[in-house]
Amino acid sequence: MKEVPDIIVCEGCDAICRRVPLQPREVSRCQRCGTELDRHAGDQSARILPLTVASLILFAIANLFPIVEIQLQGLSSRTTLVGAVVVLANEGMSVVALLVLATTLLFPLLQLCILFYLLVPLAHARRPAGFSTLVNVLQMLRPWGMVEVFLLGVLVALVKLGSMATVIPGAALWAFIGLTVLLTAVLSFNPRAFWELAFEPRPEDARA
Ligand SMILES: [Zn+2]
């Protein structure tokens, strides 16, 4: 295996700096402009897989159970996220339906599945096939998951509906709230740490 020089390029001024081993909670800064170069990952890499699994479970609950039940004059109606998307599409709002489907369901699910696919082999010190492509895809998808925007919209709608009808929050609403918190933690994972996890020296590399 070719020796890779352990250097970091400063994002602030393009200076090339030597990477120094960091202690927990330590941060290294560019000597020229003070931009943060690197920070100790802490136990982030140990936490990220359990958080991803928990997110996947909450994701399933959030999509399989009703978000709310609305009762009005003896009639009651409940809907899941997919149900709401289907209603939007049937009402002629296909673009909105597609946006909700992509930003609330498809992209977050894809992100979580890629994370899971990457992290399980990495936990056993194996680099999964398509590693670099998938880390890049993960970065590309990052701005497109908008579960928190959806949640905010649902909460505003519930408060407004509350004066007209009886609104009973469903299991999926609580799951969405949990998912928003977990996704924030999971997706704040520094992508550089993937490369460190995947390319840290291992005994088989030393033999090659
Ligand atoms: Zn700098």
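Q: In this predicted model, is Gln111 buried or exposed?
A: Gln111 lies in helix α3. Its relative accessibility is 1%. The cut-off for burial is under 20% relative accessible area. Gln111 therefore counts as buried.

Q: Which residues does Gln111 touch, leaving out those up to four places away in sequence?
A: Gln111 belongs to helix α3. Its partners outside the sequence neighbourhood of four places include Gly145. The full set is Leu138, Leu141, Arg142, Gly145 and Leu187.

Q: Where does Thr103 sit in the secondary structure?
A: Thr103 falls within a helix that covers residues 94-123. Gln111 lies in helix α3 too. The element that holds Thr103 is helix α3.

Q: Is Thr103 buried or exposed?
A: The relative accessible area of Thr103 is 11%. Burial requires a value under 20%. Thr103 is therefore buried.

Q: Which residue has its backbone oxygen 2.8 Å from a polar atom of the Thr103 side chain?
A: Thr103 is in helix α3. A polar contact needs N or O atoms within 3.5 Å. The distance here is 2.8 Å, and the backbone oxygen is that of Leu99.

Q: Which residues does Thr103 touch, not counting those up to four places away in sequence?
A: Thr103 is buried at 11% relative accessible area. One of its partners is Gly145, which Gln111 also touches. The list for Thr103 reads Pro108, Trp144, Gly145, Met146 and Val147.

Q: Is Ser28 buried or exposed?
A: Ser28 lies in strand β3, residues 27-29. Its relative accessibility is 11%. The limit for burial is under 20%. Ser28 therefore counts as buried.

Q: How many Å apart in space are Ser28 and Asp38, C-alpha to C-alpha?
A: In sequence, 10 residues separate Ser28 and Asp38. Asp38 is among the residues that Ser28 touches, along with Val20, Leu22, Thr35, Glu36 and Leu37. The C-alpha distance is 5.3 Å.

Q: What radius of gyration does the protein have?
A: A compact globule of 208 residues would come near 17 Å. The C-alpha trace spans about 70 × 40 × 30 Å along its principal axes. The radius of gyration of the protein is 22 Å.

Q: What percentage of the residues in the protein is buried?
A: The protein has 8 helices and 7 strands. Its exposed surface is about 12,900 Å², with 65% from carbon and sulfur atoms. Of the 208 residues, the buried part is 32%.

Q: How far apart are the centres of the positive and negative side chains?
A: The protein has 16 positive side chains and 15 negative ones. The centres of the two sets are separated by 1 Å.

Definitions and conventions
Residues are numbered from 1 along each chain as its sequence is written. This is a predicted model: local features need pLDDT of at least 70, side-chain atom pairs count only at pLDDT 80 or more; totals for chains, interfaces and linings use all residues. Side-chain values use heavy atoms; hydrogens and water are left out. Helices (H or I, at least four residues) and strands (E, at least two) are DSSP runs, numbered from the N terminus. The radius of gyration is taken over C-alpha atoms; the globule rule is 2.2 Å times the number of residues to the power 0.38. Buried means under 20% relative accessible area, exposed over 50%, partly exposed in between (1.4 Å probe, protein chains only). Accessible areas come from the Shrake-Rupley method with a 1.4 Å probe; for residues, only the protein chains shown count as cover. Lys and Arg count as positive and Asp and Glu as negative; His and the chain ends are not counted. The place of a charge is taken as NZ of Lys, CZ of Arg, CG of Asp or CD of Glu. A polar contact is a pair of N or O atoms within 3.5 Å; within protein, one must be able to donate a hydrogen and the other to accept it, and residues adjacent in sequence count only if both atoms are side-chain atoms. Contact means heavy atoms within 4.5 Å.
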